[in-house]
Each structure stands twice: as structure tokens, then as C-alpha cells.
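Got the viewer open? Let's take a walk through some charged pairs and then head inside.

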Amino acid sequence: MNPTPRKINDSLSESNGDNEQHKQKKKKSSTQLPQPGTAQGSCAFDSAMITLVPITDAAHVVHGPSGCAASIWGNYSSLSSSSMLYKMRFTTDIDESDIIFGGAKKLYKGILELQRRYKPAAVFVYSTCITALIGDDIEGICKDATEKTGIPTIPVHCPGFIGSQSLGNRVAGEALLEHVIGTAQPEMTTAYDINLIGEYNIAGAIWNFLPLLEKLGIRVLSKITGDVLYKEVCYAHHAKLNVILDSKTLINVAKKMEKVYGIPFIEESIYGGEQINHCLRSIAANLENSDLGERTEKLIAEESNALEEKLTLYRLRLQGKRIVLSVKNFKSWLIIFASQKLEMKVIAICTQNNTESELARIKSLLGQDGIVLESESPEEILQVINNNQADILITESRYLDTALTAKIPFLDINKKRNHAYAGYTGILEMAQELYATFSNPVWEQVRQSVPWEVGRAGEAEGAGGAGGAGGG
């Protein structure tokens with residue numbers, strides 16, 4: 001049986017990490033069922049796949065029209081250090097006849113053929129709006145396929161109409177808790193085994209942080225779910241600590257693992273110098289080893305000093321520059337942290353797609369004079385730029401014209417970003433990008449008058465001079 005809307009929304013309510021935000025939502029609606037239009041853009045199906053696709057040696061099957069699989073193709077550049085099977089997209093390509101007669105048999109045959117040809121470690125099957133509406137029993141099909149082949153086949157009940165991105169993340173987490181976590185044993189365990197939760201290794205971000213843990217002798221047992229193998233998720237319940245790197249997504253996984261397996265969790269960030277320091281210290285403190293704490297302080301000092309030395313050149317060029325920021329699809333404040341290191345100033349930021357707790361944090365970082373944009377219309381952004389003498393606009397590529405109109409440098413940072421900003425090296429990466437943007441000679445060209453305007457100005461001056469001579 002597919003979960004009912006009320007059951008899904010109860011799961012969402014239980015897993016919400018922001019109690020105040022939850023209370024506000026309960027006042028607005030007792031059921032919190034999605035309203036028409038709430039799934040527009042990134043829906044539950046999209047975010048469920050984005051959460052689970054980084055399990056690299058598993059196959060991911062979309063039970064629905066081919067357009068659903070195509071909608072997220074390559075949207076997020078999650079990288080892998082081993083298997084590349086996750087890069088492939090499989091779909092049952094439901095058509096009109098399947099809608100009338102049902103697509104269950106087609107899905108079952110497709111799973112068997114997929115397992116025969118590719119030998120995946122596991123198969124994740126995602127329901128879509130159409131197959132959920134016609135009532136295909138993907139849970140029963142997955143159970144039959146598992147019994148037939150011996151390869152775990154996991155149903156993910158994530159039709160887009162159940163809600164937006166946040167709910168899809170949690171539904172994916174519930175699938176892991178019910179069907180994956182706790183189903184295998186590691187070859188060995190140590191006193192320093194941890195799980196990293198909520199980081200999808202976009203552009204290889206997690207690879208900036210793992211070397212720091214390795215230097216401290218801390219082993220990452222499982223990464224849920226960036227650059228992880230299926231078996232590693234299976235034995236994640238043997239970790240001594242869960243470290244949540246994005247509380248907005250999979251906090252329900254950490255809470256239920258604490259309840260069922262007794263694994264404590266902490267919420268940290270690996271974006272920004274002080275945040276990385278705090279993360280390392282918190283991990284060391286929760287693993288309760290005095291020697292580890294001393295080694296952590298030594299590592300932080302070494303990495304911080306090395307970073308400061310490298311940032312000196314960029315700071316000389318960038319300090320005092322004023323930033324207008326509108327980034328929706330990843331942590332907007334990581335740029336704020338980098339700008340503070342470089343003695344730059346973020347004067348305005350767009351708050352779309354941020355939770356109430358994130359919004360409060362952003363306001364505190366911006367300071368009393370900071371401007372919080374409630375919309376991201378080009379007209380409003382341009383007005384803020386002109387009124388506050390901004391030096392650079394950082395947002396998605398569709399706002400390039402706004403920067404050209406304002407004649408200021410533009411930096412495109414979006415969900416498909418090709419640069420990793422996590423860890424100490426991520427701050428240096430951001431500094432290099434900002435430096436390169438300001439040093440690009442194209443912006444000098446943008447500020448110059450176009451040739452025909454220069455010609456008109458010359459003619460006007462000549463006419464004015466002739467008139468003056470005649471009058472004399």
C-alpha cells in the first residue's frame with residue numbers, strides 16, 4: 001500500500017528540525033496538505049531522486065513517463081570516486097495504454113532486465129504522479145523482484161503532487177530507514193566511526209572535508225548520500241555519531257537513528273572558516289577523547305594559518321567590495337562567510353527557498369544595515385544595486401542582463417556549479433573566483449560608451465563650439 005497523504009504529512013511534521021517553524025505551520029493548517037501549485041518547480045519526486053541518486057552503485061528506475069526522468073537529468077553534479085552506474089537513468093516510459101491497463105507488469109519485466117544486464121548492488125524504484133494515480137503497487141513489485149533476483153529492490157513513494165522539495169527529501173530518508181539502514185554489517189568498526197548526513201557531494205564538496213577527518217583518524221562509515229556505495233548505507237547504524245551537514249533535508253534520518261540505534265547527532269556546517277572549526281571541535285568532543293581534542297586544535301591552527309596566508313593576495317584586491325547576492329539552490333550564507341574572510345560586505349540577499357531559522361541566521365550575519373529581498377525581480381535587484389553602489393552581483397545566469405544594465409561584474413553560481421566551496425579549500429576557491437571575476441577585462445569594456453554614443457557626443461560638442469564662435 002502506498003502511504004496516505006496524512007501519513008506522509010505526519011512524517012514531515014515529526015522530522016521538522018525547526019520547532020518554531022512547525023508551530024507556525026500548525027496554526028495555518030491542521031492537515032498541512034499541499035495546495036495547488038505548491039509542487040511547481042522542484043517537486044517531491046525531483047528531490048527524492050536527488051537525495052538517493054548519489055548512491056553510486058545502485059540503479060535508479062523512474063516508474064512513469066520518460067519526461068520525469070529527463071526533468072532531473074544532470075541537474076546536480078554529484079560526483080563519485082567509484083561506480084558510475086548512478087549516472088544512468090532508467091524509466092518504464094509509461095504511455096496511454098499503460099495508464100489504462102496498468103504499468104505493473106512493465107515495471108516488473110524492466111527491473112528483471114535491468115538486473116540481468118547491469119548487476120547493480122540495489123535498485124531504487126520511484127513512483128511518479130501518473131503511476132501513483134493509477135494505483136500501481138510498486139511495493140509489491142519490488143518485493144517480488146527482490147525474491148526473484150536476490151538483489152534489494154527498494155520502493156520510493158514520491159509522486160510529485162504530495163508536496164515540494166523538503167518533503168521529497170524526507171520521503172527518501174524514510175525509504176532508507178525502512179529498507180536499507182540496518183540490513184548489513186561492516187567488516188570492522190572503530191571508536192571513531194561517524195556518518196555524514198545531508199551532503200550530496202555536489203562538485204566534489206565532500207572531498208574537501210574528508211582529508212581533514214582522515215588527518216584526525218576519524219573514519220566516515222557512511223555518507224548519506226554523497227559518493228557512497230549501497231552497502232555503506234546498509235551498515236550506517238554502526239556509527240558512533242551522526243553529523244548532519246544540512247538540517248533542512250535528512251534530519252528525520254538522524255532522529256530515527258538516535259531513537260532506534262541510540263546514535264547521537266549534531267548539526268554542523270562545512271562552509272565557512274569558523275563553521276568548519278566548530279564542526280571539527282564538535283565531532284572531537286562527541287567522540288570523547290582528550291587526545292583527539294588536542295589533535296583537532298592543532299589541525300585547526302595549521303589549516304587556518306595556511307588559509308590566511310593564501311588569502312592575503314586576494315584580500316588586497318577584494319576588500320571593501322559590496323555584494324548583492326541572490327542564490328537559491330544551496331547555502332547562500334557560504335558566500336557571506338567567504339566575504340567576511342576577504343573583508344568584503346554583502347549588502348543585500350534574496351531569501352527565497354530559505355527556512356525561518358536560515359532567514360534569522362542570514363539577517364544576523366548581514367547586520368543591521370543589511371537588506372533582505374523578499375522577491376528576486378530584476379527591477380528590484382537593479383534598484384538595490386544602484387541605490388547602494390554595489391560592486392558585484394552574484395546569482396544565477398538569468399540575471400546577467402541585470403548586471404550588464406548596472407555595469408558591474410557578475411558571478412554565476414547555481415545548483416549546477418562546477419566548483420566545491422566546502423572546507424578550507426572551498427573558501428580559497430571562492431576567493432579565486434571573485435578575484436577572477438573582478439579582474440576580467442570584459443567589465444571595463446561594459447562600462448565604456450558604445451561607439452555611436454561617443455560619435456554623437458563629439459558632434460554635440462562641435463556644434464556647441466561653432467555656435468559659441470559665431471556668437472563672438
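Before the first stop, one cut-off to keep handy: a residue is buried under 20% relative accessible area, exposed over 50%, and partly exposed in between. Also bear in mind that this is a predicted model.

**Stop one: helix H6.** Select residues 104-118 to bring up helix H6, which holds both Arg-116 and Glu-113. Show their side chains and you'll find a salt bridge, 2.6 Å from N to O. The two partners sit 3 residues apart, about one turn of the helix. Now switch on the surface. Glu-113 has 33% relative accessibility, so it counts as partly exposed. Arg-116, at 53%, goes over the 50% mark and is therefore exposed.

**Stop two: H13 to H14.** Next, pick Arg-281 and Glu-297, whose side chains form a salt bridge with an N to O distance of 2.7 Å. This pair links distant parts of the chain: Arg-281 belongs to helix H13 (residues 273-286) and Glu-297 to helix H14 (residues 290-318), with their positions 16 residues apart in the numbering. Both ends are partly exposed, Arg-281 at 35% and Glu-297 at 37%.

**Stop three: helix H20.** Jump to residues 442-447, helix H20, and select Glu-444 and Arg-447. Their closest N and O atoms are 3.5 Å apart, making a salt bridge. How far apart are Glu-444 and Arg-447 along the helix? They are 3 residues apart, about one helical turn. On the surface, Glu-444 is partly exposed at 49%, and Arg-447 is partly exposed at 40%.

While you're on charged groups, select Glu-308, Arg-315, Lys-341 and Glu-343 together: salt bridges with shared partners join these four into one network. In total, the model has 12 salt bridges.

**Stop four: the inside.** Hide the surface and go for the nonpolar side chains. In soluble globular proteins, such side chains tend to be buried together. Here, the largest nonpolar core has 56 residues. Which residues have the most contacts inside it? Select Ile-194, Leu-196, Phe-209, Leu-213 and Ile-283 to see them.

Centre the view on Leu-213. Setting aside neighbours within four places in sequence, Leu-213 is in contact with Ile-194, Leu-196, Ile-218, Val-220, Leu-280 and Ile-283.

**Last stop.** Apart from that core lies another one, of 45 residues. To find it, select some of its members, including Val-62, Ala-175, Val-180 and Val-253.

How values were computed. Residues numbered from 1 in each chain as written. Predicted model: local features only at pLDDT ≥ 70, side-chain atom pairs only at ≥ 80, totals over all residues. Heavy atoms only, no water. Helix = DSSP H or I, 4+ residues; strand = E, 2+ residues; numbered from the N terminus. Buried < 20%, exposed > 50% of the residue type's maximum accessible area, 1.4 Å probe, protein only. Core = buried A, V, L, I, M, F, W, Y, C linked by side-chain atoms within 4.5 Å. Contact = heavy atoms within 4.5 Å.
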